Amino acid sequence: MKMLKKSLAVILFFLFCVTSVSAQSSQNQNFPGGSAQGTTEMNENIRPVQIPNVAIQITEPQTGQEVAFSVRLLLILTILTIAPSILLLVTCFLRFSIVLDFIKRALSLQQVPPTSILQGIAAFMTLFIMWPTFTKMYNNSFKPLSNGEIGIEQAYKEAEAPIREFMFQQMADDTSYIKLFMNMSQMDKPETPSDVPTYILVPSYILHELTVAFKIGVLLYIPFIIIDMVVASILMAMGMMMLPPVQISMPFKLILFVLVDGWGLLTNQLFISVIR
């Protein structure tokens with residue numbers, strides 16, 4: 001009985017509070033006191049965010065010109081995708097990167113300098129060497145194309161000519177790889193460099209650069225191999241067969257490399273091997 005009376009008292013008190021609040025809010029529009037009167041209408045000076053409508057329409061080609069344009073666009077996008085790899089293979093970057101990796105291994109260095117640093121050094125050295133070639137490509141191909149003086153096909157030929165000239169200059173002393181690919185494709189012996197197609201010149205140049213880079217790498221390995229042999233012989237004579245010779249020979253290699261200014265000599269000889 002007492003619980004029922006308490007429950008009725010709480011309900012009556014709650015109803016009284018709600019009634020008084022509703023009565024007060026009906027009398028005062030800005031309830032509770034001191035509050036600002038609000039509105040749900042948007043200000044006319046505020047414009048909503050305009051989201052553009054994006055539509056993609058795919059239609060069937062009606063003429064042969066539209067088909068040719070679609071195929072040409074696809075080829076251009078494909079070439080742009082593999083353009084960095086093409087530039088790395090048809091320049092002297094391949095030689096520089098391989099030689100720098102050889103010198104790192106010859107010094108018995110594992111983490112220093114990092115591979116990314118060596119690749120960056122090779123990239124900037126390549127840019128320094130290839131700058132005149134890139135300048136010719138810009139002046140003869142890209143600039144006239146952007147001005148509307150020549151078409152895409154003519155621009156491609158003008159951009160191809162300086163790169164072909166550079167590759168032929170590097171292979172002036174050794175054309176065996178060109179002959180190899182010409183024989184594999186069963187083509188006649190070229191009388192002039194212009195008779196060599198680009199699809200034969202590029203793989204020939206890549207194999208030539210690999211051969212030159214490995215030759216330079218072998219020459220770099222010789223003095224450091226001698227140091228390894230001397231250190232290993234001394235350790236065996238002293239009975240320290242359990243001590244790795246690399247840990248002892250690596251400081252001597254670094255000292256020799258620093259004393260002879262190895263980075264300067266290596267960079268100079270790489271430039272001389274490219275610029276004749």
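**Entry 1: burial cut-off, then Phe257**

I call a residue buried when its relative accessible area is under 20%, exposed when it is over 50%, and partly exposed in between. I'm working on a predicted model, so I'm keeping an eye on confidence as I go. I started with Phe257: its relative accessibility is 8%, so it goes down as buried. Trp263 comes out at 40%, which puts it in the partly exposed class.

I then ran the aromatic pairs and got 7 of them. Phe257 and Trp263 make one such pair, with ring centres 5.3 Å apart and planes at 90°, so I noted it as edge-to-face. I also found an aromatic cluster made of Phe96, Phe128 and Phe271.

**Entry 2: overall picture and confidence**

I counted 10 helices and 0 strands. Reading from the N terminus, I just wrote α-α-α-α-α-α-α-α-α-α. The protein has 276 residues, and buried ones make up 25% of them. I get about 20500 Å² of exposed area, with carbon and sulfur atoms supplying 67% of it. For contacts with a separation of 6 or more, I find that 69% come from residues 24 or more positions apart.

Where is confidence lowest, and where is it highest? I see the lowest mean, 55, in helix α1 (residues 2–27), and the highest, 88, in α4. Over the protein, the mean pLDDT is 77, and 75% of the residues reach 70 or more. I flagged residues 23–28, where pLDDT stays under 50. For that stretch the model has 3 contacts beyond four places in sequence.

**Entry 3: salt bridges**

Side chains of opposite charge can pair when their charged atoms come close. How many salt bridges does a search of the whole structure find? I got 3.

Arg95 and Glu209 meet through their side chains at 2.6 Å, N to O. This pair links distant parts of the chain, since Arg95 is in helix α4 and Glu209 is in helix α8, 114 residues apart. I checked burial for both: Arg95 is buried, and Glu209 is too.

Asp101 and Arg105 form a salt bridge at 2.8 Å, N to O. Here both partners lie in helix α4, 4 residues apart, or about one turn of the helix. Asp101 has 27% relative accessibility, so I have it as partly exposed. Arg105 is at 53%, so it counts as exposed.

Lys253 bridges to Asp228, and I read 2.8 Å between the closest N and O atoms. Lys253 sits in helix α9 and Asp228 in helix α8, so this bridge ties together parts 25 residues apart in sequence. With a relative accessible area of 1%, Lys253 is buried. Asp228 is at 25% and therefore counts as partly exposed.

**Entry 4: Ser249**

I stayed with α9, since Ser249 lies in that helix. Is Ser249 buried or exposed? Its relative accessible area is 0%, so I put it down as buried. What does Ser249 contact, leaving aside its neighbours within four places in sequence? I find Ile227, Asp228 and Val231. Ile227 is 22 residues from Ser249 in sequence, and I get 6.6 Å between their C-alpha atoms. Asp228 turns up again here: it contacts Ser249 and forms the salt bridge with Lys253.

**Entry 5: nonpolar patch**

I looked for nonpolar patches on the surface and logged one of about 750 Å². Its members are Val218, Leu219, Ile222, Ile226, Val230, Ile234, Met238 and Met240. I picked out Ile234, which lies in helix α8 (residues 198–237). Its relative accessible area is 45%, so Ile234 is partly exposed.

**Entry 6: backbone phi**

Most residues other than glycine have a negative phi. I went looking for exceptions and wrote down Ser108 and Asp261.

Ser108 has a positive phi, near 60°. I place Ser108 in the loop between α4 (93–106) and α5 (115–146). It's at 14% relative accessibility, so Ser108 counts as buried.

Asp261 also has a positive phi, near 55°. Asp261 is in the loop between α9 (245–259) and α10 (262–274). At 47% relative accessibility, Asp261 falls in the partly exposed class.

Conventions
Residues are numbered from 1 along each chain as its sequence is written. This is a predicted model: local features need pLDDT of at least 70, side-chain atom pairs count only at pLDDT 80 or more; totals for chains, interfaces and linings use all residues. Side-chain values use heavy atoms; hydrogens and water are left out. Rings of Phe, Tyr and Trp (its six-membered ring) pair if their centres lie within 6.5 Å; planes under 30 degrees apart count as stacked, over 60 as edge-to-face and the rest as tilted. Buried means under 20% relative accessible area, exposed over 50%, partly exposed in between (1.4 Å probe, protein chains only). Patches are made of residues with over 30% relative accessible area and no salt bridge: like charges are joined within 9 Å, nonpolar side chains (Val, Leu, Ile, Met, Phe, Trp, Tyr) within 5 Å. Accessible areas come from the Shrake-Rupley method with a 1.4 Å probe; for residues, only the protein chains shown count as cover. A salt bridge is a side-chain nitrogen of Lys or Arg within 4 Å of a carboxyl oxygen of Asp or Glu. Helices (H or I, at least four residues) and strands (E, at least two) are DSSP runs, numbered from the N terminus. pLDDT is the predictor's confidence in each residue, from 0 to 100. Contact means heavy atoms within 4.5 Å.
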